[in-house]
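Here is a friendly walk through two parts of this protein model. Keep the structure open beside you as you read.

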Amino acid sequence: MVEPLKKNGKIKRNGPVMLVIMDGVGYGKYRDGDAVAQAMTKNLDSLLSSCPNTKLKAHGLAVGLPSDADMGNSEVGHNAMGCGRVFAQGAKLVANSINSGEMYQGATWKKLVKNVKDNNSTMHFIGLLSDGNVHSHIDNLKHMIEEAKKEGVKKVRVHALLDGRDVGEMSALDYFDPFAEFLKELSADGTFDAKIASGGGRMVITMDRYNANWDMVRKGWETHVLGEGRYFASAHEAIETLRKETGAIDQDLPPFVIAENGKPVGTIEDNDSVILFNFRGDRALEITKAFEAENLAEFDRKRHPKVEYAGMMEYDGDLHVPAQYLVSPPSIDRTLAEYLCASGVKQFSISETQKFGHVTYFFNGNKSGKFDEKLEEYVEIPSDIVPFEQRPWMKCAEITDRVIEEIESGKWDLIKLNYPNGDMVGHTGVFEAVVCSMEGMDIQIGRLKEAIEKAGGVMVVTADHVNADDMYEHDKKGELKLKADGEPKAKTSHSLNPVPCIIYDPCYGGEYSTELNTGLGISSIAATLMNFLGYDAPEDYDKSIINLN
């Protein structure tokens with residue numbers, strides 16, 4: 001348990017301090033494809049022109065990723081904001097553990113290898129096949145397969161999910177074709193048998209999160225484990241055929257099963273070993289439950305093979321899920337929420353399903369549950385299960401309705417909320433929908449501004465990473481990439497751009513300088529919120545965005 005924070009005695013407002021996280025909203029580098037700049041955002045523009053504001057880093061080293069070439073994401077972004085410091089994150093931890101060989105010395109890896117050698121069975125790998133480095137990295141998978149062969153494993157099957165979200169929307173074959181050749185070369189000596197066994201788009205099968213759509217997990221189970229579905233001779237054939245038939249981008253491609261002589265090449269059977277090689281937790285918990293739960297209520301597994309299952313990391317540190325994992329996650333302690341609870345600060349957190357876990361679980365340092373039931377309340381607005389480009393406004397109005405009620409209630413010292421629009425709609429690659437999502441969100445920001453002004457509170461507006469600001473692909477010279485029909489090539493991944501931090505303080509009385517600190521990352525949000533709540537931040541927290549007078 002942490003000690004209560006020290007009061008600074010300098011800032012006191014009648015209303016709450018409110019953190020508004022515009023998920024996926026930043027400052028674009030290019031005019032073409034910047035849906036944030038091209039949207040009609042009267043309220044956001046007004047705040048930027050009239051309020052103290054600065055730009056924050058939300059990628060690379062600033063959020064604990066291996067290098068500044070790595071895009072930020074929602075998981076590490078909320079971690080950084082919520083813990084006030086930068087911790088080495090999943091991508092960096094996994095890469096270090098694999099490259100140093102430490103992972104292969106661990107008990108879990110040794111147990112899974114021994115299991116397949118003792119039983120002459122199969123080692124399976126399930127995960128996202130790309131180098132996006134947000135949920136996984138293909139190099140990690142290749143390294144593990146090479147190590148498995150070196151240690152005497154005879155048979156490997158890979159259940160590969162198409163990305164098209166953290167990488168180019170139609171880039172799957174850039175990964176699948178060389179990877180298939182890599183497996184073929186490893187198997188050429190006749191002592192080793194490695195093949196791709198199944199696949200499908202990440203937004204169709206396996207990688208659901210926050211219990212939003214368990215049918216995705218059911219489809220993944222049937223595809224990977226049971227080998228049920230449409231058969232193809234190769235992943236290349238499957239991807240080419242399904243693209244032509246559906247017109248879908250990679251993340252939305254239907255599932256497929258690789259078969260030889262009319263039989264799936266890689267169903268998961270008793271005594272096999274299974275590794276989920278995704279390192280990020282939110283989209284790993286449900287498929288993990290499907291493997292580990294003795295009884296599963298969410299869908300009929302039909303068959304539940306007894307396997308040695310492990311995740312790349314521990315996906316939930318409180319619930320200790322999965323039971324076995326290869327790399328220990330960062331130990332994030334002394335978070336903003338924990339300090340505020342120790343100091344008696346009442347906190348309200350809200351988003352819709354798609355980002356509910358980010359504003360609670362990830363914000364709290366990858367911890368489920370509350371630090372203090374009496375001081376905290378979490379509200380989840382159920383997301384619609386429809387393609388986001390069809391409902392680009394998502395649930396931002398419903399979130400705002402509830403937040404305004406809570407502001408008017410006077411119960412809370414800190415309110416934090418996440419509008420998912422910029423990220424979730426941004427990942428669809430549909431530019432017009434993203435513009436609409438920004439305009440829908442902007443209306444709600446205007447409503448929040450009025451409510452905070454009336455209550456005499458403070459509103460801090462920022463983002464966890466960027467996406468909606470960079471919706472078209474550009475080449476290294478900054479030239480727009482075009483498709484065969486002359487239309488811009490859509491970009492569905494995040495970017496390396498900065499995010500805003502805006503301070504709306506209608507009761508400002510000179511307690512701090514309106515010249516905000518520059519060159520900071522989003523980890524500085526935590527100390528900033530502490531200051532506005534009337535407290536000094538811990539000495540090892542990253543510097544506040546404001547300088548108290």
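## A helix and a sheet

In this predicted model, helix 10 spans residues 235–246, and its 12 residues reach 16 Å from the first C-alpha to the last, close to the 16 Å expected at 1.5 Å a residue. Which residues of helix 10 are buried? They are Ala235, Ala238, Ile239, Leu242 and Arg243. These residues lie on the same side of helix 10, because they cover an arc of only 120 degrees around the axis.

The cover over the buried residues of helix 10 includes the elements in this table.

| Element | Residues |
|---|---|
| Strand 4 | 155–162 |
| Helix 8 | 172–186 |
| Strand 5 | 193–201 |
| Strand 6 | 231–232 |
| Strand 7 | 256–260 |

Just after helix 10 comes glycine 247, with a positive phi of about 70 degrees.

Now turn to the sheet. It is an open sheet of 7 strands with mixed pairing, in the order 2-16-15-1-14-12-13. Strand 2 (53–56) and strand 13 (376–381) are its edge strands, each pairing on one side only. On average, neighbouring strands of this sheet are turned by 15 degrees against each other, direction ignored.

At one edge, strand 13 runs parallel to strand 12 (residues 347–352), and 6 bridges join the two. Glutamate 352 stands opposite isoleucine 381 in strand 13.

Helix 13 (residues 353–362) lies across strand 1 (17–22), strand 12, strand 13 and strand 14 (414–419). Relative to strand 12, helix 13 runs at about 150 degrees.

Methods:
Residues are numbered from 1 along each chain as its sequence is written. This is a predicted model: local features need pLDDT of at least 70, side-chain atom pairs count only at pLDDT 80 or more; totals for chains, interfaces and linings use all residues. Side-chain values use heavy atoms; hydrogens and water are left out. Helices (H or I, at least four residues) and strands (E, at least two) are DSSP runs, numbered from the N terminus. The expected span of a helix is 1.5 Å times one less than its number of residues. Buried means under 20% relative accessible area, exposed over 50%, partly exposed in between (1.4 Å probe, protein chains only). The arc is that of the directions from the helix axis to the C-beta atoms. Contact means heavy atoms within 4.5 Å. Two strands pair if DSSP finds at least two bridges between them. Axes are lines fitted to C-alpha atoms, for helices over the stretch in contact, and angles run from 0 to 180 degrees between N-to-C directions.
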